[in-house]
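User: Please take a close look at a single part of this model, the open sheet and the helix lying across it, and then set it beside the other packed elements.

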Amino acid sequence: MSVLEVRDLRKSFGKTEVLKGVSFDLNEGEVLSIIGSSGSGKTTLLRCINQLETADSGTVTVAGETFFDGAPKKQKESDKRRNQLLVGLVFQNFNLFPQYTALRNVTLAPRLLAKERPDYKDNKKAILEEIDAGAKEILTKVGLAQKMENYPCELSGGQQQRVSIARALLLNPKVLFFDEPTSALDPELTGEILKVIKGLAQEKRTMVIVTHEMEFARAVSTKVIFMDDGVIAEQGTPDEVFGNPKSERTKAFIRKFHE
């Protein structure tokens, strides 16, 4: 069953056409890696799917819900907020609040959302305790049991990125997106994050990962998309894309990483 359906997504910045009609499906439990050169449209695609940028046209469906429809109409804020809970996004530069501890960074969004629950006033203490318990469990799972009360400035880059992954996981999204999750880290810390993502893949989390880590993409993915100049130039299994690419552009890109 498709949990993510992207149809003919297009996006221009001024006269520059960045996405030229991108379409793909992702089934529940699959891991999709999106690879390609800088400027190929990978991050713009992710940002349009997550509504951080507004695509010019196309549609995005998540878990059967219309997440984005290029037809010009105003979306209610409540509908937009509900839709955004279907996806989680881990940024390359962490985006943590420096004034809050690791635990508080993870619980901030769920605590704000809890205030909209009709039973919040009557059960505030129990609801907040449940949120904190869930956050502590996830932070422990990503190896930060001893760092929950630390502030971002007291954490390494790898630890900060694990906090941002825990923050996304606590909302239990249908699809978890990663935008170059290791690009801001040195090689030693990169391994920490790739290990966490591999663990999520083993749990059959549905994920979309924009990455320049080719060996990682080959090892963790069930599907790979190679983007070139705003279109999908090739897609298939890791063995098909990395081991037996069809297009000359894909072959040249893969070859560059083995030189």
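Analyst: Helix H1 (residues 42-49) lies across E1, E2, strand E4 (57-62) and E5, and runs at about 115 degrees to E1. Here contact means heavy atoms within 4.5 Å; axes are lines fitted to C-alpha atoms, for helices over the stretch in contact, and angles run from 0 to 180 degrees between N-to-C directions. Helices (H or I, at least four residues) and strands (E, at least two) are DSSP runs, numbered from the N terminus. This is a predicted model, in which local features need pLDDT of at least 70 and side-chain atom pairs count only at pLDDT 80 or more, while totals for chains, interfaces and linings use all residues. Residues are numbered from 1 along each chain as its sequence is written, and side-chain values use heavy atoms, with hydrogens and water left out.

The open sheet beneath this description has four strands in the order E2-E1-E4-E5, with antiparallel pairing; two strands pair if DSSP finds at least two bridges between them. Strand E2 (16-27) and strand E5 (65-69) are the edge strands, each pairing on one side only. On average, neighbouring strands of this sheet are turned by 15 degrees against each other, direction ignored. Nine bridges link strand E1 (residues 2-13) to E2 in the antiparallel sense, and Leu9 stands opposite Val22 in E2.

Parallel pairing is found around strand E8 (residues 207-210). Strand E3 (residues 31-35) joins E8 through four bridges, with Leu32 opposite Val208. Strand E7 (residues 175-179) also pairs with E8 in the parallel sense over four bridges, and Phe177 has Val208 as its bridge partner. From E7 the chain crosses through helix H6 (residues 187-202) to E8, a right-handed β-α-β crossover (with the strands pointing away from the viewer, the path from the first strand over the helix to the second runs clockwise). Within E8, Met207 and Ile209 point one way and Val208 and Val210 the other, and all are buried (under 20% relative accessible area, 1.4 Å probe, protein chains only; exposed is over 50%, partly exposed in between).

Helix H3 (residues 102-114) packs on helix H4 (residues 120-141) at an angle of about 145 degrees, their axes 9 Å apart. Among the residues making this contact are Val106 and Thr107 of H3 and Ile131 and Ala135 of H4. Thr107 of H3 counts as buried because its relative accessibility is 1%. Not counting residues up to four places away in sequence, Thr107 touches Ile131, Asp132, Ala135 and Leu170.
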